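User: I should be grateful for a close look at one part of this model, namely the open sheet, together with the helices and the ligand shell that belong to the account. Please set the other sheet beside it at the end.

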Amino acid sequence: MSLLGTVLERDGAVYRVATAAGEVRAVLRGRTKRETPKVVVGDVVRLEPEPGGALCGIDAVEPRRSLLERRVPEGRGARPVVANVDQVLVVTATRDPAPIAQLLDRLLVVAEANEIPAQLVINKVDLDPGDALARRFGRAGYPIHLTSARTGTGLDELRDILTGRTSVVTGPSGAGKSSLLNALQRGLQLRTGEISRKVRRGTNTTVGSVMLPLDAGGFIVDTPGFSEVGLWGVNPRALAECFPEMRPLLDRCRFADCRHVSEPGCAIRAATERGEIDADRLASYRALLAELEAEPRDWE
Ligand SMILES: Nc1nc2c(ncn2[C@@H]2O[C@H](COP(=O)(O)OP(=O)(O)OP(=O)(O)O)[C@@H](O)[C@H]2O)c(=O)[nH]1
Ligand SMILES: [Mg+2]
Ligand SMILES: [Zn+2]
């Protein structure tokens, strides 16, 4: 009798898997050992209890709804990081630390490049209402959620969008991600007010992703180094498609291969001059474009 489960974490050859009957530990077996795709965190797997053993066998991987991939700089293709992510929540503070719009744009582009819907959480509204941020990203087309982990503002709304889905929560250090999650999920006790992830990132060792089940249903994914996921290898030509407010205008540029930098007849620049696209978003687009164009052209 086989059982379905969701892979929460990998520890060497052993996977921690959540099933309706509780958590089990499992190893790859036969077919899943040899075959690609390799099992990653977030995968829904079919388990076969090992007779008399403490470990289950993973017999099959269910088809994936989505896949967040880390593209490898040396042109070695892409490495799967997390499967079945439904949404990315980019969290920023209104202040302390000061929001950096361009960094938020980058995180949103990473989500778009992986074809995962993104939303913006503007936290610490007890310190500043965050109007300018809400306007900038709202105009770009992103759903906005105003929260305060300190006062509880917006937490019901945040709980609603997390429930029943698998969400990557990302954003700059100090934005309040851990504080928000602790406020939403009893017993989570993530450490706050320390720069935990930075330390791990600095060592250059890739720490795997972890999924945290929510009591209300759904999972939160902690993916170290999300900002390094996904931008490598994005075709510069496809970058403008990762800006939702630019997408509907792209076929109106005079040249089909318009980079929206200095080309004549550019519909994006015209819309920016008319005030329909935020000039600062276009500036972010150009900064990311320059970065991508400086990369080796693995994707060609
Ligand atoms: N005033 C105020 N402070 C907050 C709020 N949310 C979090 N903080 C504080 O901001 C600091 C950073 O919060 P964390 O939850 O650790 O931030 P983080 O995003 O998890 O940071 P990293 O784990 O380093 O990425 C802590 O001192 C929190 O107490 C809020 O809504 N309002
Ligand atoms: Mg944290
Ligand atoms: Zn153009």
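Analyst: The following account begins with the open sheet and then moves outward to helices, ligand and barrel. The model is predicted, and every value below is computed from it.

The open sheet consists of six strands in the order S10-S9-S8-S11-S13-S12, with mixed pairing. Strand S10 (144-146) and strand S12 (210-213) occupy the edges; each has a single partner strand, so one side of each is left without a neighbour in the sheet. On average, and with direction ignored, neighbouring strands of this sheet are turned by 30 degrees against each other.

Both senses of pairing can be seen at strand S13. Strand S11 (residues 166-170) runs parallel to strand S13 (residues 219-222), and three bridges join the two. Within this pair, Ser 167 has Ile 220 of S13 as its bridge partner. S12, by contrast, runs antiparallel to S13 and is joined to S13 by four bridges. Here Val 210 is placed opposite Asp 222 of S13. S12 and S13 form a hairpin in which five residues lie between the strands. Gly 217, in the turn of that hairpin, has a positive phi of about 105 degrees.

Two helices are placed against this sheet. Helix H2 (residues 101-113) lies across strand S8 (87-93), strand S9 (118-123) and S11, and runs at about 175 degrees to S8. Helix H3 (residues 131-139) also packs on the sheet, where H3 touches S8, S9 and S10. The direction of H3 makes about 160 degrees with that of S10.

The loops on either side of H2 each hold a backbone feature to note. Pro 97 is found in the loop between S8 and H2. The peptide bond that joins Asp 96 and Pro 97 is cis, with omega of about 0 degrees. Glu 115 belongs to the loop between H2 and S9. Although Glu 115 is not a glycine, this residue has a positive phi of about 55 degrees.

H2 also has a helical partner. H2 and helix H8 (residues 279-293) pack with their axes 10 Å apart, at an angle of about 65 degrees. The two helices are therefore roughly perpendicular to each other, and the crossing of H2 and H8 is right-handed. On the H2 side the contact comprises Ala 101, Gln 102, Asp 105, Arg 106 and Val 109, which meet Asp 280, Arg 281, Ser 284, Ala 287 and Leu 288 of H8. By class, the residues of this contact of H2 with H8 are four nonpolar, two polar and four charged.

A further helix pair leads to the ligand. The axes of helix H4 (residues 155-162) and H5 come within 10 Å, crossing at roughly 85 degrees. That angle makes H4 roughly perpendicular to H5. Leu 155, Leu 158, Arg 159 and Leu 162 of H4 meet Leu 180, Ala 183 and Leu 184 of H5. The contact of H4 with H5 has six nonpolar residues, no polar ones and one charged residue.

Helix H5 (177-184) takes part in the surroundings of ligand 1 as well, and helix H6 (196-202) does so too; each supplies at least two residues of the shell. With three residues, H5 gives the most to this shell. Altogether 19 residues surround ligand 1, and the closest are Ser 173, Gly 176, Ser 178, Ser 179 and Thr 192. The shell around ligand 1 divides into four nonpolar, ten polar and five charged residues.

The other sheet may now be set beside the open one. Five strands close into a barrel in the order S1-S2-S3-S5-S4, again with mixed pairing. Neighbouring strands of the barrel are turned by 55 degrees against each other on average, direction ignored. Strand S3 (residues 22-28) pairs with strand S5 (residues 56-61) in the parallel sense over three bridges, and the bridge partner of Ala 26 in S5 is Cys 56. Strand S1 (residues 3-11) and strand S4 (residues 44-49) pair in the antiparallel sense over four bridges, with Leu 3 opposite Leu 47 of S4. S4 and S5 are antiparallel as well, paired over five bridges, and Glu 48 stands opposite Gly 57 of S5. S4 and S5 form a hairpin with six residues between them, and Gly 52 in the turn has a positive phi of about 70 degrees.

Notes. Residues are numbered from 1 along each chain as its sequence is written. Chains are lettered from A and ligands numbered from 1 in the order in which they are written. This is a predicted model: local features need pLDDT of at least 70, side-chain atom pairs count only at pLDDT 80 or more; totals for chains, interfaces and linings use all residues. Two strands pair if DSSP finds at least two bridges between them. Axes are lines fitted to C-alpha atoms, for helices over the stretch in contact, and angles run from 0 to 180 degrees between N-to-C directions. Two residues are in contact if their C-beta atoms, placed from the backbone, lie within 7 Å. A residue is near a molecule or strand if its C-beta atom, placed from the backbone, lies within 6 Å of it. Ala, Val, Leu, Ile, Met, Phe, Trp, Tyr, Cys and Pro count as nonpolar, Asp, Glu, Lys and Arg as charged, and the others, Gly among them, as polar. Angles under 35 degrees count as roughly parallel, over 145 as roughly antiparallel, 65 to 115 as roughly perpendicular and the rest as oblique. A crossing is left-handed if the near helix is turned anticlockwise from the far one by less than a right angle, and right-handed if clockwise.
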